[in-house]
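Colleague: Hi, could we go through this structure together? I'd like to learn how to read it.

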Amino acid sequence: MEITNLCWSPLHSDTLLSTSSDLSARIWKLEEEKVVRIYHASPSKFKNDDKKNLKFYGIFHPVDPDAIICNTPRGDFGSVSFKDDGKPKFHSFLSKPGDSASIYKHLYSVFPCNNNKSGEYMLYSHDQFKINIWNLKEEKLLGLLPFVQSPIYDLTVSPVNPNLLAISCGDGMIRIWNSTNELKLNLGVVYIHYKEKIHIAAWHPADENLLAFGTSEGRVGIADVFKKKVLFSFETYHHEAVYSVCWGPCPKFSSEDADSFQMQMWYVYSCSSGSAYINRPHPKSKAVNLDDLIEKPEEKIEKSLSEICWKPDYTCVALGSLKGFIDFFTDSFTFIARLLVQLKSVHCIRWHPEHTYASPNGSPFKSWIAAVGSGDDIQIFDATDILKVEQNEEKLISRPTKQLVGHIKNIDSLSWSQHMDGYLVSGSKDGTAQVWNVCTGSCIANYSSHRAAVYALQWSPTDHDTIFSGAMDGSVRIWKISEQITKFPPDKTVLRRRKNAKRVSLAAAKMQTKTVEENVELAPEIIDVKHNEKESVSSVSDTENKQVLQDGCDMKKQAFKTSRSLKIAKKPTFFPVHSKGARGNVEEDLLVCMRLADMRCNTSVEEKSGDSVRVDDKSTVEADEAISLGLFTDRRTALQMFDQQ
């Protein structure tokens, strides 16, 4: 069977521990060349897929020489003692092993670490979801560090249970995090497909366990969070990746579905690049194209939809277009108004919350809508006038109410605060998240700890100072607004310098590897190695070895110089002499300007007086002045300058 881990004993130098995939741990004595003790973990009932991915790891106890630390197929984690001559006994570190079953089945490594401050040993173990930190003396779990090995595309909080956060990942999984208990880390995983990326997810407005999702392959479906499985996928597929999924009503279908399926009024709206479908929450039902239901007398928006966002009270829906406008419709898809956004296309639309903790009776900005697209600015529109019931006329709005400018790259995500009125957070491809006060248009704070584009943002529903952010670097970060020092994103020059420094370091690393390879090729020519049956002896002296190392260092220095000189290559110029002579200080430039003023003044006086073509002494140009004054005087001086060039 496959050997999963090897570990030397910290107290006996001739003792080795090996663990294998057949759920066995063996202790070897090297002097005797045999196994002295064996431990077989008791198997448990698991599926074939879990059996293939099951790993069994173990290490020696750093304090007790007659014990090892390992995991079991049942999901336990603890120690095995070999003190008694009988069968080894397993002692669990978990207070309730049944509650933590299947957490440590897929363990990847375990290693101890000595804490110098307290003198106690800390134990670190990690699986495919998190890193666990244990106090080995007290056998107590101190903390957990969850991680994701794929990009984060979306974060969404359940409207029924605000403690549940759905994380859409690029590894084909949706992770559900319960923020109430950070130590236990109630992290559920819904497996979709390993070849698909989960781009978007949306919670059901009324059912806590239902979650709609959209993938990179154009698939839309519904998953059950409590059962941790996909209930069904809809038969109608999108031709491209799905970037927008939401739940909403459809009065045109509610009367039909009440008799046939006897279901609720919620439907799944999905949008890809140009196409939008309405999916009935039934596995055998086909989706309906949204373009067939839109009632608009003038121009239709066929094959141009890019975003769907319902108002929190589900009385109005906003449809973003790839052509750079946003259309408002009623719940029965009757056209209301159009907003001409100053963008080439609309990528993200977010309505302000209907109620906030600061305004429980109704927010004064409940009709505000934020939109971003192919640009680095955020446009805020006030839709109060166009959403009035008495008004039935179509309107065309081309000027935003507010415009927020601060990011240096395109913006991908938005999230309004549920606590304060008019507070917004935005994530950009520049790797930062910006907090705004939309009322004043000012920047509150900037978070720049991500190493890639920020694609997902969610304001914490339980804390007004906490924000969740996910990025392409595969991390979900929890940060506080009050702890941020900077208010604005970094300048473009700073990002450019970081990029150039990274390129130079990569080029230097490549040149260094080439230098090592050249030294390896040159070494057999310099060093004469005598091969014997059991050992090989080198015939090169120490001075020759030092000379080889010195040559290698010189080649490395030369490689760094060449790589740097290639990066800072000068551009050719058409006026080399003029460019060298023009590099003067401010005083020299001032003298040149005064000289030109005198020449122009004397020339104008001569023209008015009607004298001959004779030029005064002050207006003549010397040979050494032709370089600096040739382009600003007469034709003869310019030709003289060209000759000198």
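Modeller: Sure, and keep in mind that this is a predicted model. Let's start with a term: a nonpolar core is a set of buried Ala, Val, Leu, Ile, Met, Phe, Trp, Tyr and Cys residues joined through side-chain atoms within 4.5 Å.

Colleague: Okay, so which residues have the most contacts inside the largest nonpolar core?

Modeller: That core is made up of 23 residues. The ones with the most contacts inside it are Tyr39, Ile68 and Leu123.

Colleague: And which element gives the most to this core?

Modeller: Strands E3 (24-29), E5 (58-60), E6 (67-71), E7 (77-81) and E12 (140-146) each give two or more residues. The top giver supplies 3 residues, and that is E6.

Colleague: How many residues are in the other core, the one that lies apart from it?

Modeller: You can spot that other core by some of its members, including Cys246, Trp310, Val317 and Phe329. Its full count is 20 residues.

Colleague: Let's switch to charges. How many residues apart in sequence are the parts that Arg37 and Asp66 tie together?

Modeller: Arg37 and Asp66 form a salt bridge, with their closest N and O atoms 3.9 Å apart. Arg37 lies in strand E4 (residues 34-40), while Asp66 is in the loop between E5 and E6, so the pair ties together parts of the chain separated in sequence by 29 residues.

Colleague: Is Lys311 buried or exposed?

Modeller: Lys311 meets Asp313 in a salt bridge, at 3.8 Å from N to O. Its partner Asp313 has a relative accessible area of 31%, so Asp313 is partly exposed. The cut-off for buried is under 20%. Lys311 has 5% relative accessibility, so Lys311 counts as buried.

Colleague: Which residue is linked with Lys311 and Asp313 in a network of salt bridges?

Modeller: We've just met the Lys311 and Asp313 pair, whose side chains meet in a salt bridge. The network also takes in Glu354.

Colleague: One more pair: where is Lys480, which links up with Asp463?

Modeller: The side chains of Lys480 and Asp463 meet in a salt bridge of 3.1 Å, N to O. Asp463 sits in the loop between strand E38 (454-459) and strand E39 (466-471), and the two residues are 17 residues apart. Lys480 itself is in strand E40 (residues 476-480).

Colleague: And how many salt bridges does the structure hold?

Modeller: We've looked at a few of them, among them Arg37 with Asp66 and Lys480 with Asp463. The total for the structure is 9 salt bridges.

Terms used: Residues are numbered from 1 along each chain as its sequence is written. This is a predicted model: local features need pLDDT of at least 70, side-chain atom pairs count only at pLDDT 80 or more; totals for chains, interfaces and linings use all residues. Side-chain values use heavy atoms; hydrogens and water are left out. Buried means under 20% relative accessible area, exposed over 50%, partly exposed in between (1.4 Å probe, protein chains only). Helices (H or I, at least four residues) and strands (E, at least two) are DSSP runs, numbered from the N terminus. A salt bridge is a side-chain nitrogen of Lys or Arg within 4 Å of a carboxyl oxygen of Asp or Glu.
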